[in-house]
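Colleague: I'm new to this one. Could you walk me through how its helices and cores fit together?

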Amino acid sequence: MPGVAELMRWRGLASVLWLAALLAFESARPAKPLFASVRVRFAHGFRNIALGSSNAILTALLFATAWKATADWSSINAFGLAHRVENMPGVGTAAALLLFDAWTYGWHRLNHRIPLLWRFHRMHHSDSEMDATTANRFHPGEIVLSSLLRLPLIALLGLEFLELLAYETVLLAVVQWHHSNLMLPPSIDRLFRVLVVTPAMHKVHHSRMAIETNSDYSALLSVWDRLFRSFRLRDDPRAIRFGLEGFDAPSRQSLAGLLITPFKD
Ligand SMILES: [Zn+2]
Ligand SMILES: [Zn+2]
C-alpha cells in the first residue's frame, strides 16, 4: 500500500486539477462578474491558494501520520464503531462516514456559535469575491483545531486512514465546486442538493446578512441542514453580496491582514 506521504500527494494533485477545471469554467461561464481586472482576480486567487497550500503542508506534516496511527490503533484494538459491526461489511464504515460528515456540520456550526472559534472562521467569510479559490481560504488556527479534534473522532468512529482520505478528497471536490462562481440551472441545482451542498446553498452561507450567514452549514451532504433546521435558499442567489462588514479594507485582505484577522477587533 502507498505510504501516507504518497497518498497525500495524490490527494493534493487531484484537488489542484479539479480547481484548475473550475477556474476555467468560471472564466467561460461566470455566475456573476466578480473582479475588476484579471490582475485583481490573480492576486485574489494567489492569496487564497497560498493559504490553502500552506494549510495542506501543515496538515500533511503535523497530522496525517497521527491520523493514520490513530486509525490503525482503533483497528488493531477493535475500538471504534466501524470495527464493532464487522459482521455487517460496509454498514459500519458507511455509518462512521455519515457520522463524520455530521461532525463536519456540527463543527462548522460551532465555529459560528462560539466567539473564539468565529474569530478564526470569519477569515473564510470575509472574502467579498467568493470563487473556487475561497474553498482554500481557512485560517491555519482553524485547521489546527479541527485536525486535533479529528484524532478522538477517528478513534471513536473506527475509520481507516484510506476511508478518511477518500472522504476528504470527495469533500474537497464538492467544497471547491459549491464555492465556485458557477451556477447550475435551478432545476438541476435542486436535483443535486437532494444529496449534496450546491452553489445555490453555499452562496447563501457567504451572504453579508447575518441570518443567511448563520444557515447552510453542511459541507458535503445537505441532509444535516434539513435535519437541524438551518436550511435556507434565496430566489436570487446571483444578487447575494458576499463578505463581512468591517473586513473589506485592503489592509484586512492582504495575506498578513488575513492571518491577523482572529486577533483584531
Ligand atoms: Zn461558515
Ligand atoms: Zn464557505
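Modeller: Sure, here is a short round of questions and answers on this predicted model.

Colleague: Let's start with α2: how far apart are its end C-alpha atoms, and what span should its 25 residues have?

Modeller: Helix α2 covers residues 38-62. At 1.5 Å a residue, those 25 residues should span 36 Å. That agrees with the distance in the model, where the end C-alpha atoms are 35 Å apart.

Colleague: Which residues of α2 are buried, and what does their cover include?

Modeller: The buried ones in α2 are His44, Asn48, Leu51 and Gly52. As for what covers the buried residues of α2, the list includes α14 (255-259).

Colleague: α2 also packs with α7, so how are the two oriented: roughly parallel or roughly antiparallel?

Modeller: The axes of α2 and α7 (residues 140-157) are 10 Å apart, at an angle of about 30°. Angles under 35 degrees count as roughly parallel. Therefore α2 and α7 are roughly parallel.

Colleague: And which residues of α7 does α2 meet there?

Modeller: The crossing of these two, α2 and α7, is right-handed. On the α2 side the contact involves Ser54, Asn55, Leu58 and Thr59. Their partners in α7 are Pro140, Ile143 and Ser147.

Colleague: Moving to the largest nonpolar core, which helix gives it the largest share?

Modeller: That core has 18 residues, and those with the most contacts inside it are Val174, Val175, Val197, Ala219 and Leu220. At least two residues each come from α1 (4-28), α8 (161-179) and α10 (199-205). The largest share, four residues, is supplied by α8.

Colleague: What does Val175 touch, leaving aside residues up to four places away in sequence?

Modeller: Val175 is one of the residues with the most contacts inside the largest core. Leaving out those sequence neighbours, Val175 touches Ala135 and Ala219.

Colleague: How many residues are in the other core that lies apart from it?

Modeller: Among the members of that other core are Met8, Ala64, Ala71 and Leu164. Its size is 15 residues.

Colleague: Last one: is the crossing of α1 and α8 left-handed or right-handed?

Modeller: Their axes come within 10 Å and cross at roughly 15°, so α1 is roughly parallel to α8. The contact includes Leu7, Arg11 and Trp18 of α1, along with Leu165, Glu168 and Trp177 of α8. As for the hand, α1 passes α8 in a crossing that is right-handed.

How values were computed. Residues are numbered from 1 along each chain as its sequence is written. Chains are lettered from A and ligands numbered from 1 in the order in which they are written. This is a predicted model: local features need pLDDT of at least 70, side-chain atom pairs count only at pLDDT 80 or more; totals for chains, interfaces and linings use all residues. The expected span of a helix is 1.5 Å times one less than its number of residues. A residue is buried if 20 or more other C-beta atoms lie within 10 Å of its own, exposed if 12 or fewer, and partly exposed in between; C-beta atoms are placed from the backbone. Two residues are in contact if their C-beta atoms, placed from the backbone, lie within 7 Å. A nonpolar core is a set of buried Ala, Val, Leu, Ile, Met, Phe, Trp, Tyr and Cys residues joined through C-beta atoms within 7 Å. Axes are lines fitted to C-alpha atoms, for helices over the stretch in contact, and angles run from 0 to 180 degrees between N-to-C directions. Angles under 35 degrees count as roughly parallel, over 145 as roughly antiparallel, 65 to 115 as roughly perpendicular and the rest as oblique. A crossing is left-handed if the near helix is turned anticlockwise from the far one by less than a right angle, and right-handed if clockwise.
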